[in-house]
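Visitor: I am new to this structure and would be grateful for a close look at a single part of it. Could you please describe the sheet and what lies against it?

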Amino acid sequence: MNAKSVGGFPMKILVVDDNKDNVELMKQILEDEYNLHVAYSGEECIEKAIAQQPDLILLDVNMPDMDGYETMQKLKQGPTTWYIPVIFASAFYTDSAMIVKGLEQGAFDYLTKPIDEDILQAKVRAVKRIKRAEDEIRHQKDELQLINNKLQSADKLKSIFLASMSHELRTPLNSIIGFTGLMLMQVAGSINEQQKEQLNRVKRNADHLLELINDVLDISKIEADKVELAISSFDICALVGEIIQNIAPEFEEKGLELALNRPEIAIMVTSDPRRVRQILMNFMSNALKFTKQGSITVELNFNEAHQVVITVEDTGIGIPTENMDKLFEPFQQISSDLTNHYKGTGLGLYLCKKLSSLIQADIQVISEINVGSKFTLNLPNKIKMDVI
Amino acid sequence: MKKILIIEDNEDNAFLFRSLLSLREFEIIEAATGLDGIELAEQNVPDLILMDIQLPDLNGLETTRRIRVILGDRVPILAVTSYAMTGDRERCLAAGCTGYIEKPIKPETFLREIDSFL
């Protein structure tokens, strides 16, 4: 059935009646306006309904062999006929129970004989209106399906594009970071302090660019559901200690105090250590970035829900209350004048949030302007494998 | 003098590896394609191979497999690649690489990593 059959062409009606006179009467009433087909039995009705796909079937109830009810039942079960509206017509079964039976079986409406010409015309027009609306909906559904397909392939293309961009961007960065590092090593001759400072800035910016590429790549993988977790059992205390050891020189350089409070035992957790490290590194580098003076305190503890609780608390600039809910959205580093001051990808916390939900952990923040921020990671001590 | 074969199609990156390796007494051999790399590996039997993965003809994984067929397991092959997605390291190791260094490389630690395989 196509949409044009109603819009552009006269509606196709199949008249089913074993009585030739009744058929002739229907013809007289409908022939001028509609494209009429005729069947003289239930069997013929089903054959023609399948072959010709009429827009409406006018079905006599009282026929020998297969009566109207049985015919309608077969039509409603047929994969290519169930949706064709049926109006049944009968002189004998006009009590309400019989009419209800027909409607319950799926008839659109009923007519009583002798046929009233105006009522017949009006009911056919009602079917026509509904069909037009149905065709419109079907048309829109097709269009939506098409748009949906396009979106899906665009999304896939985006992921492929990001993965290949990441590769292409890393290759020139290899030269930039490599040669800068090589010059800073002063193996081809010494450089003065000013040149060293200039090269250090090249290096810092190249490192920042690399971080951005890595974040974008991670996010694109998460959004494409392509992150594979590498679950293992590890000592979270050792991991935190290691992170602190790695980042301590940068805190020292800035004159910030860095303290770690943890129980002096190994605490084994089952999770993806790389992802845990990524989240905690983000907390740490934020604390470093947004704290001018004072201290950063890292604490490791448990809660009642068998979670390992790791907090990173700084004495930094804090986060305005009105910006708290934007904190975990991409490219939302608070206030533009700060962004100039505090370089970041604007993706860090967004990535943290995505990663934490992957490893079934959650993140909490409390913050006060000019007092500091406290980021908490609640990490389940054992990841539930069946949910991954 | 230890022989190191660099298989890398990007001249800038090859120059970077050359510059870093020149800080030591190495004999350096270079190829810019997988097929040339295999030929040089067979002729020279280097002490270590630095293998880029994206190469114009054979990729580094296939090049590694073929070199392994010719030279067996005795030569360490280090993949040096910008393919840094999950599973890339595993793919390199499965193809027969001994180690995996992610690009961009860290010049400060690069030589130490090379040394650990010699």
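Guide: The account below treats the sheet of chain A and its surroundings. This is a predicted model, in which local features need pLDDT of at least 70, side-chain atom pairs count only at pLDDT 80 or more, and totals for chains, interfaces and linings use all residues. Residues are numbered from 1 along each chain as its sequence is written, chains are lettered from A and ligands numbered from 1 in the order in which they are written, and side-chain values use heavy atoms, with hydrogens and water left out.

In chain A, an open sheet is built from five strands with parallel pairing, ordered β2-β1-β3-β4-β5. Strands are DSSP runs (E, at least two residues), as are helices (H or I, at least four), numbered from the N terminus; two strands pair if DSSP finds at least two bridges between them. Because β2 (35–39) and β5 (109–112) of chain A each have a single partner strand, they stand at the edges, and one side of each lacks a neighbour in the sheet. On average, neighbouring strands are turned by 20° against each other, direction ignored. Five bridges join β1 (residues 12–16) of chain A to β2(A) in the parallel sense, and A:V15 stands opposite A:V38 in β2(A).

Helix α5 (residues 96–104) of chain A packs on this sheet, touching β4 (86–90) and β5 of chain A, and its direction makes about 160° with that of β4(A). Contact here means heavy atoms within 4.5 Å; axes are lines fitted to C-alpha atoms, for helices over the stretch in contact, and angles run from 0 to 180 degrees between N-to-C directions.
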